[in-house]
Amino acid sequence: MASPKVQEALAQAQLAPDQTAALESLLANLKTLSTPQTAAADLKSIADVILTSPNFGIVAQRAVLAAYITSLQGFENADLTIEAGQHVLDHLSSSQSHSFVDQGATIRELMADAHEANEDNLEAAKLLAEIPLDRSQRKVTNEDRVKIWVRIVRNYLEIDDTTAAETYLNKLRNIIYTVSDPALNLHFKLSTARIQDAKREFLSSSQAYHDISLSPAISDEERLHTLSMAIKCAILAPAGPLRSRTLGRLFKDERSPNLEEFGMLEKMFFDRLLAPAEVDKFAQGLSPHQLATTSDGSTVLAKAVVEHNLLGASRLYSSIGFEALGTLLGLDADKAEDTTARMIEQGRLVGSIDQIEQVIYFENREASGEKGSGRAEVTIGKEMRHWDANVQSLAEEVENITNALQREYPDFVAANLVV
């Protein structure tokens, strides 16, 4: 129930010769007349008078409603804003709502602010989505649209609804190039990176995060945070030449050694094998979606580590058996073979597989990353001929040394060597 003081002031305002001025005065002094317990009821009572009184024309209602919104902002109470704002929106949902499009949009933005303050991001996104952005209804610039859509995207990302977020991000892509505001452009890039990250497009998101980390528009702390996200995404990306280039760019960034992820970055950049303890420590800093289980039952991180260790093994061995490789990767023999075959087929590893002998042969050359380019040419007896060539080379070197000794020290050779 409204407070007695507000009820009295409201009755006097309705009897005043200039009701518009009287209500505006009441709203300007509402905080002194109302109490925290009755504020919601007071605001609702005033809204009822503004929007239902037959003594007000559209122009007067708009003016008083603007004063009402200003008064509502002055309370700085999220729950009160939501309750009173919804009461006004219920009134505006009638047939005359088209007359108060701007006021309705402002109230929805205030309510969205309140929902964000209460960490109710879904309701905030829904309210922002209801704001009319059609130019036929109200004057709306591309910058106005971008501001609303960016907020919607960010709210959906807070609740990990990447599908809904991407819908509005696609709308942004069509007009963001027309907006010069650096803050809005930065939010667009960050939203793009976060959606790519959530969709496990880790190479693209790493590039986007790294670009943002170089922006002078954000603080040093935020730049280091986005650089850290770029490194995490690069580490989670599928092993191969594209990831190697991304790792190289991040490794050469002079800020990287200051981050906790640098140890993992360094080992991956130099194709060194990763120990389980290092992987577990790195996993502690990942987001839940980065630790999600994939269709084959493994996590994104586990899959990335297995592929990296396989790439590292290809630098150490020219050939290795299925069982030995499985032991090295922490997999069974069949899984080790399947992983190797997939990487060769996708052009991320160069080699061949002898399924009869259960041996994998690695080629000592860089993969191109193009599908099908990783299949090495299989030559029968290749390893044996390579061994024979090494033995022949060693025998020739021994013979050369013997001939040199015979020329320089014939007596020593005759006495000590059988030629």
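**Exercise 1. Helices against the sheet**

Task: In this predicted model, determine which strands helix H18 (residues 322-329) lies across, and at what angle the helix runs to S1.

Solution. Step 1: Locate helix H18 at residues 322-329; this helix lies across S1, S2 and S3. Step 2: Take the direction of H18 relative to S1, which is about 90°. Step 3: Turn to helix H19, residues 333-345, which lies across S2 and S3. The direction of H19 makes an angle of about 140° with S2.

**Exercise 2. The order and edges of the sheet**

Task: Establish in what order the 3 strands of the open sheet are arranged, and which strands stand at the edges.

Solution. Step 1: The order across the open sheet is S1-S3-S2, with antiparallel pairing. Step 2: Strand S1 (319-321) and strand S2 (351-354) each have a single partner strand, so both stand at the edges, and one side of each lacks a neighbour in the sheet. Step 3: On average, and ignoring direction, neighbouring strands of this sheet are turned by 20° against each other. Step 4: Consider the pairing of S2 with strand S3 (residues 359-362), which is antiparallel and extends over 4 bridges. Within S3, Phe 362 is the bridge partner of Gly 351.

As background, the strands of a sheet pair through backbone hydrogen bonds, in either a parallel or an antiparallel sense.

**Exercise 3. Positive phi in two loops**

Task: State where Asp 160 lies and where Arg 200 is found, and classify each residue as buried, partly exposed or exposed.

Solution. Step 1: Recall that most residues other than glycine have a negative phi. Step 2: Asp 160, which is not a glycine, has a positive phi of about 60°. Its position is the loop between helix H9 (142-158) and helix H10 (162-173). Step 3: The relative accessible area of Asp 160 is 63%; the cut-off for exposed is over 50%, so Asp 160 is exposed. Step 4: Arg 200, also not a glycine, has a positive phi of about 65°. This residue belongs to the loop between helix H11 (182-198) and helix H12 (202-213). Step 5: Because its relative accessibility is 37%, Arg 200 counts as partly exposed.

**Exercise 4. A nonpolar surface patch**

Task: Identify which residues make the nonpolar surface patch of about 340 Å², and place Leu 273 in the chain.

Solution. Step 1: The patch is made by Leu 273, Leu 316, Tyr 317 and Leu 328. Step 2: Leu 273 is situated in the loop between helix H15 (262-269) and helix H16 (276-283). Step 3: Leu 273 has a relative accessibility of 31% and therefore counts as partly exposed.

Note on methods
Residues numbered from 1 in each chain as written. Predicted model: local features only at pLDDT ≥ 70, side-chain atom pairs only at ≥ 80, totals over all residues. Heavy atoms only, no water. Patch = residues over 30% accessible without salt bridge, like charges linked within 9 Å, V, L, I, M, F, W, Y side chains within 5 Å. Areas by Shrake-Rupley, 256 points an atom, 1.4 Å probe, with all protein chains shown as cover. Salt bridge = Lys/Arg side-chain N within 4 Å of Asp/Glu carboxyl O. Buried < 20%, exposed > 50% of the residue type's maximum accessible area, 1.4 Å probe, protein only. Pairing = 2+ DSSP bridges. Axes fitted to C-alpha atoms, helices over the stretch in contact; angles between N-to-C directions. Contact = heavy atoms within 4.5 Å.
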